[in-house]
Amino acid sequence: MIINSLLIADMLDAIARSTSHVSPAHYVVKIKSFSLLAEKAVEVKYESAAFEAGGYKWKLVLYPNGNESKNVKDHISLYLAMADTNSLNFGWEVYAVFRLFLLDQNQDNYLVVQDAKERRFNGLKLEWGFDQFISHKAFNEASNGYLVEDTCVFGAEVFVKERNIGKGECLSMEKFTYSSKYVWKVENFSKLDTRYEESQVFGAGNHKWKIVLYPRGNGCGDGDHLSLYLALGDSTVDGIKVYAEYTLRILDQLGAKHKSLQDWFQSPNLTWGWTRFISFSELNKPGTGFLVNDVCVVEAEVTVLGTSEPL
């Protein structure tokens, strides 16, 4: 038994062909003087204007003489493609089921060609459709009504099934880095009655920072340690991650035996540091120079190595 090659291709690709009296829900393209288009567009395609369906922009892409890049001959190739994708987030994906139409002007109904599979549109695959939408022989057969007085009508319906708005980020490492220091003099230390104190905001590596000090401790350091942190001082950095090397110190005001701890700062956590930076016993120990005349001097040294921003 001989089976039509087009039917075999349809079976392999799960393509369903049917007729419908209902017009396409989303877009139609009426082409007058189709033969002139086919003559002029031997190796090119025709793209419709953009139309909206399911919250996205789409367009029809028609090859009157077949898609040459797919080695299609003796057929019209018709595809659905996403349009105006520049506004979509990096990594976007759209899953859709679609149907493409061709009007039978004799019977006033439509040939409907549908890919039974749900298709995934993304930045690497903007277009899905049918290399062999209809043969030239069937299209030009007068009794089929597809081409009447050199005029034909194509259409499309698109049903978005799922949207995956991808996210991404861009990490920019600094070629030239430098450290910035900020010194904060905390006076009347023993009289501090707030849970925490914040320094003035200072700049380092095009970002704003501040030191946060808990004079009575915080978390597991509550009651027996001073807690000390470095924090981003700019509340408008949502989505931005900063990679920095930093050191916090309590300066020895009598000598040079400073209390220092060093770590990496990695947002999006806006605060990094130590709940048990220094014990009260060490802080208040005579001769250490950490607390002189009820003044504690804190220093932050920050080197920004890179910044990551959302795409």
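This report walks through the aromatic pairs, cysteines, strands and loops of a predicted model.

**Rings that meet**

Let's start with the aromatic side chains. A pair of aromatic rings is described by the distance of the centres and the angle of the planes. In this model the count comes to 15 aromatic pairs. One of them joins Tyr 27 and Phe 51, whose rings are stacked, with 4.7 Å from centre to centre and 10 degrees between the planes. This pair links distant parts of the chain: Tyr 27 sits in strand S2 (residues 27-31), Phe 51 sits in strand S4 (residues 51-53), and they are 24 residues apart. Tyr 27 is partly exposed, at a relative accessible area of 23%, while Phe 51 is buried, at 5%.

Now look at Tyr 63 and Tyr 79. Their rings meet edge-to-face, at 5.8 Å centre to centre and with 90 degrees between the planes. Here too the pair links distant parts of the chain, with Tyr 63 in strand S5 (residues 56-63), Tyr 79 in strand S6 (residues 75-83), and their positions 16 residues apart. Are these two tyrosines buried or exposed? Both Tyr 63 and Tyr 79 are buried.

Rings can also join up in a group. Ring pairs link Phe 34, Trp 58, Phe 98, Phe 121, Phe 130, Phe 133, Phe 139 and Phe 154 into a cluster. Elsewhere, a charged side chain meets a ring: Lys 125 lies over the face of Trp 128, 4.5 Å from the ring centre.

**Strand S7 and its partners**

Two of the cluster's members, Phe 98 and Phe 121, bring us to the next topic. Strand S7 covers residues 93-104, and 11 of its 12 residues are buried, so S7 is largely enclosed by the rest of the structure. S7 runs antiparallel to strand S9 (residues 119-122), and 4 bridges join them. Phe 121 in S9 is the bridge partner of Val 94. S7 also pairs with strand S8 (residues 109-115), again in the antiparallel sense, over 6 bridges. In that pairing, Asp 104 has Asn 109 of S8 as its bridge partner. The hairpin of S7 and S8 has 4 residues between the strands, and Asp 108 takes a positive phi near 60 degrees there.

**Positive phi in loops**

Most residues other than glycine have a negative phi, and most peptide bonds are trans. Ser 33 goes the other way, with a positive phi near 55 degrees. Ser 33 lies in the loop between S2 and helix H2 (34-40). Asp 74 is not a glycine either, yet its phi is positive, at about 60 degrees. You'll find Asp 74 in the loop between S5 and S6.

**Cysteines and a threonine**

How many disulfides does the structure hold? The structure holds 0 disulfides. Cys 152 is buried, whereas Cys 220 is exposed.

Finally, find Thr 303 in strand S21 (residues 296-310). Leaving aside neighbours within four places in sequence, Thr 303 is in contact with Thr 177, Tyr 178, Ser 179, Tyr 243, Ala 244 and Glu 245.

Here is the accessibility of some of the residues from these last sections:

| Residue | Relative accessibility | Class |
|---|---|---|
| Ser 33 | 34% | partly exposed |
| Asp 74 | 55% | exposed |
| Cys 152 | 0% | buried |
| Cys 220 | 55% | exposed |
| Thr 303 | 13% | buried |

How values were computed: Residues are numbered from 1 along each chain as its sequence is written. This is a predicted model: local features need pLDDT of at least 70, side-chain atom pairs count only at pLDDT 80 or more; totals for chains, interfaces and linings use all residues. Side-chain values use heavy atoms; hydrogens and water are left out. Rings of Phe, Tyr and Trp (its six-membered ring) pair if their centres lie within 6.5 Å; planes under 30 degrees apart count as stacked, over 60 as edge-to-face and the rest as tilted. Helices (H or I, at least four residues) and strands (E, at least two) are DSSP runs, numbered from the N terminus. Buried means under 20% relative accessible area, exposed over 50%, partly exposed in between (1.4 Å probe, protein chains only). A charge sits over a ring if NZ of Lys or CZ of Arg is within 6 Å of the ring centre and within 35 degrees of the ring normal. A disulfide is a pair of cysteine sulfur atoms within 2.5 Å. Contact means heavy atoms within 4.5 Å. Two strands pair if DSSP finds at least two bridges between them.
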